[in-house]
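Biologist: Before we discuss any assignments, please put the model up. I will ask how each label was earned.

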Amino acid sequence: MESAGVINSDITIIGAGPGGYVAAIQGAKLGAKVVLIEKDKVGGTCLNRGCIPTKALVRSAEVYESLKNAKDFGCIAQDVGVDMAAVIDRKDQIVGQLVRGIEHLLKKNQVTLLTGTAQLQDAHTVIVDDGGGTKTTVQSKNIIIATGSNPIRLPIPGSDLPQVMDSTEALETKELPKSLAIIGGGIIGMEFAFIYASFGVEVSVIEFLDDILSMLDTDLRRQIALSARRAGIKLYTGARAEAIEEAEDGGCVLSFTHKGEVKSLSVDRVLVAVGRRPNLGGLELKRIGIELNDSRRGIKVNNRMQTNIPHIYAVGDVTDRIQLAHVASQQGIVAVENIVGNDVVMDYSAVPNALFTQPEIATVGLSEAEAKAQGIDYQVGTFPFAANGKALTYGTNRGMVKVITEKSSGKIIGAGIIGPQATELIAELTLAVKQGLTAADIAATIHAHPTVAEAVHEASLATKGLAIHI
């Protein structure tokens, strides 16, 4: 094994996902000498196998839906179909462009990028193995662990069959199955459910909990479940997957328990989407005494993103806090700010969540259930997109904006949106929660007409029963 020598750095970051590469660029901009280590491609799961590629497929599904329904808009589209290989190729082109963009930014900011697997030798030393017989030693004043997460494999018989895939494999499949069973009715599972259903695949979802997307309030869950059924998606909630067997026709049979009965589905493929687990493999955390959290799943950190070893930080999915790319990026910035001497803490009170289902869903702050659990006296204002002119021009009358306020102060403490451009509209309400704005502040702000953003204005008015158009 050859040695490539020793590199000295102020900050060494293990993992170049949205937490790691953002921290690297921020650190370099603040004057630190930064080394970034990545065993695969920069951008991590989010860019290469998650957020961006999934949304590329979502967009293709939206275009196909528009073509199928072109006559509703006075347009004619004939011989409409899906070329899944072209869909995947388009996704790959987008990912490739963004990967190259990040590589350019790293080079521009003079970040040293090392390709290989990293291992912590001691509290200041990282060994990087390039897999080709060369090891590099990095001596660092500070270390940030940003190794992300991996899909959870379901521990049931048959989960290793070739017909079974995880979300990563689903993003590479260039042939559409005729039928698909998805185990898991969370965000990943439901996004894929709508994608495949739009492409004409017969989709069934098996969810262990009593409802899909259980993190949402009941009214939002009810609307998205109705949309799923309208899209032809079969939902089996309160169901437990038991086994997967290979079928004679090349497909497979998924057995599951539902309402006390053992049932089965004969499908071409099964997608397992039951969550992700922090990636701790190979780091040798135990060797240097880095503590894990109470669940023993992720690295324990404080609100400055420090581990129990003050100069070693952890950000993103590896902390097992909130598995969202934008949270990882902010955690990376917080870690770097503290490394360079600025006292910055991570604030989780206004974290937006975006779900790219059909229609889109977005939330921020407290849900009604959480407000009740905390004993907060709250009030709710809602406004349906059916009463919004711009939404009707899009051809949709489904969904709503929901604003939750603290009754005594009128401050916005939470919000939920289901409908057109929900994932864009949530930014205004995220700012409101973050800055402690009131519903009256939103109501007093002129919103352009005609826009779907007017629904946010109306929902804010509705908290006092003053909505104009309902």
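Modeller: Start with one pair of residues: glutamate 245 stands opposite valine 253 in S13. The model is predicted, so local features need pLDDT of at least 70 and side-chain atom pairs count only at pLDDT 80 or more, while totals for chains, interfaces and linings use all residues. Residues are numbered from 1 along each chain as its sequence is written, and side-chain values use heavy atoms, without hydrogens and water.

Biologist: What makes S12 and strand S13 a pair?

Modeller: Strands are DSSP runs (E, at least two residues), numbered from the N terminus. Two of them pair if DSSP finds at least two bridges between them. S12 and strand S13 (residues 252-258) have seven bridges in the antiparallel sense, so they pair by that definition.

Biologist: Why do strand S12 and strand S14 count as edges?

Modeller: The open sheet has three strands in the order S12-S13-S14, with antiparallel pairing. Strand S12 (239-246) and strand S14 (261-267) each have a single partner strand, so one side of each lacks a neighbour in the sheet.

Biologist: What do the residues of the lining of the second largest pocket divide into?

Modeller: They divide into nine nonpolar, twelve polar and ten charged. Ala, Val, Leu, Ile, Met, Phe, Trp, Tyr, Cys and Pro count as nonpolar, Asp, Glu, Lys and Arg as charged, and the others, Gly among them, as polar.

Biologist: Which helix supplies the largest share of that lining?

Modeller: H3 does, with seven residues. Helix H3 (51-68) is one of those that each supply at least two residues; a helix is a DSSP run (H or I) of at least four residues.
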